[in-house]
Amino acid sequence: MSISININRRVLLVLVLWLVPVLALAQNEVARERSSLKGIQSMGLSVNYEANAPLTEKTEINVPSLQKKGEQALREGGIRVVPEDEVRQSDEIPLLYLHINAMDAGEGLVPFAVNLYFYQPVKLVLNQDMQTTANTWESGTVGIVSYDRLQLIDQAAEDLLQEFIHDYKTINN
């Protein structure tokens with residue numbers, strides 16, 4: 001019995017020692033993503049919703065409403081929102097992109113994914129003459145809801161926006 005306990009302890013120790021660098025690397029990535037928000041004064045917001053046909057007909061997801069709520073949340077967070085037409089005309093304006101994907105899986109179930117990406121202009125290190133756009137911050141969530149709980153998808157989107165605003169304020173205050 002004591003041999004079994006010693007083996008279990010050794011396996012656990014090896015597992016912990018293996019996970020510590022992985023967790024530290026993940027934490028470093030979060031810090032790097034947050035730091036990419038430093039000094040950003042304004043941004044555009046784009047909301048996109050994709051669903052299969054059965055869900056599109058029944059859905060309560062209102063993209064214009066989510067767009068307005070998102071813009072309002074950003075403004076309340078101290079972030080200037082650039083109008084959509086200005087964002088479309090320039091690749092120099094940072095963009096917060098909210099993507100919602102859902103489908104009717106049958107039997108009243110709706111699996112969904114909500115992702116929030118922050119894109120901004122960057123200069124490439126290896127080709128310093130080239131400027132492009134890169135995703136420097138992101139977060140997302142997945143879930144499954146019933147038709148009577150579709151508003152939880154909107155809530156998941158709003159929660160991600162609040163997460164972004166929190167990270168933005170953390171690095172810019």
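**Figure 1. Trp137 is buried in this predicted model.** The relative accessible area of Trp137 is 1%, and a cut-off of under 20% is what makes a residue buried. Trp137 has an aromatic partner, Phe164, and the two rings meet edge-to-face. Their centres are 5.0 Å apart, with 85° between the planes. Phe164 is buried too, with a relative accessible area of 0%. Follow the chain and you will find that this pair links distant parts of it: Trp137 sits in strand S5 (residues 131-146) and Phe164 in helix H5 (residues 151-172), 27 residues apart. Widen the view a little, and Trp137 and Phe164 turn out to belong to one aromatic cluster together with Phe118 and Tyr168.

**Figure 2. Tyr117 and Tyr119 make a tilted aromatic pair.** The structure holds five aromatic pairs. In the one shown here, the ring centres of Tyr117 and Tyr119 lie 6.2 Å apart. Their planes are at 40°, so the pair is tilted. A pair of aromatic rings is described by the distance of the centres and the angle of the planes. Is Tyr119 buried, exposed or partly exposed? Its relative accessibility is 27%, so Tyr119 counts as partly exposed.

**Figure 3. Asp104 and Tyr147 are joined through their side chains.** The link is a polar contact of 2.6 Å. To find Asp104, look in the loop between strand S3 (95-102) and strand S4 (109-123). Although Asp104 belongs to a loop, this residue is buried, with a relative accessible area of 14%.

**Figure 4. A salt bridge connects Asp167 with Arg34.** A search of the whole structure finds four salt bridges, and this view shows the one between the side chains of Asp167 and Arg34, at 2.8 Å from N to O. Which helices do the two partners come from? Asp167 lies in helix H5 and Arg34 in helix H1 (residues 2-35), so the salt bridge ties together parts that are 133 residues apart in sequence. The two ends also have their own surroundings to compare: Asp167 is buried, with a relative accessible area of 5%, whereas Arg34 counts as partly exposed at 27% relative accessibility.

**Figure 5. Glu158 and Lys69 form another salt bridge.** Here the side chains meet at 3.2 Å, N to O. Glu158 belongs to helix H5 and Lys69 to helix H3 (residues 63-76), so this pair ties together parts that are 89 residues apart in sequence. Glu158 counts as partly exposed, at 23% relative accessibility. Lys69 is partly exposed as well, with a relative accessible area of 38%.

**Figure 6. Within helix H3, Arg75 and Glu71 are separated by about one helical turn.** The two residues are four apart in the helix, and their side chains meet in a salt bridge of 4.0 Å, N to O. Arg75 is partly exposed, with a relative accessible area of 47%.

**Figure 7. Five strands form an open sheet with mixed pairing.** In what order do the strands stand? Across the sheet they run S2-S1-S3-S4-S5. The edge strands are S2 (80-81) and S5, each of which pairs on one side only. Strands of a sheet pair through backbone hydrogen bonds, either parallel or antiparallel. Take strand S1 (residues 42-51) and its neighbour S2 as an example: they pair in the parallel sense over two bridges. Look for Ser42, which stands opposite Arg80 in S2.

**Figure 8. Stepping back, the protein has five helices and five strands.** Read along the sequence, these elements follow the pattern α-β-α-α-β-α-β-β-β-α. How many of the 173 residues count as buried, as a percentage? The share is 31%; Trp137 is one of the buried residues, and so is Phe164. Among contacts between residues at least 6 apart in sequence, 66% join residues at least 24 apart. The accessible surface of the protein comes to about 11,000 Å², and carbon and sulfur atoms account for 55% of that area.

Note on methods
Residues are numbered from 1 along each chain as its sequence is written. This is a predicted model: local features need pLDDT of at least 70, side-chain atom pairs count only at pLDDT 80 or more; totals for chains, interfaces and linings use all residues. Side-chain values use heavy atoms; hydrogens and water are left out. Rings of Phe, Tyr and Trp (its six-membered ring) pair if their centres lie within 6.5 Å; planes under 30 degrees apart count as stacked, over 60 as edge-to-face and the rest as tilted. Buried means under 20% relative accessible area, exposed over 50%, partly exposed in between (1.4 Å probe, protein chains only). A polar contact is a pair of N or O atoms within 3.5 Å; within protein, one must be able to donate a hydrogen and the other to accept it, and residues adjacent in sequence count only if both atoms are side-chain atoms. Contact means heavy atoms within 4.5 Å. Accessible areas come from the Shrake-Rupley method with a 1.4 Å probe; for residues, only the protein chains shown count as cover. Two strands pair if DSSP finds at least two bridges between them.
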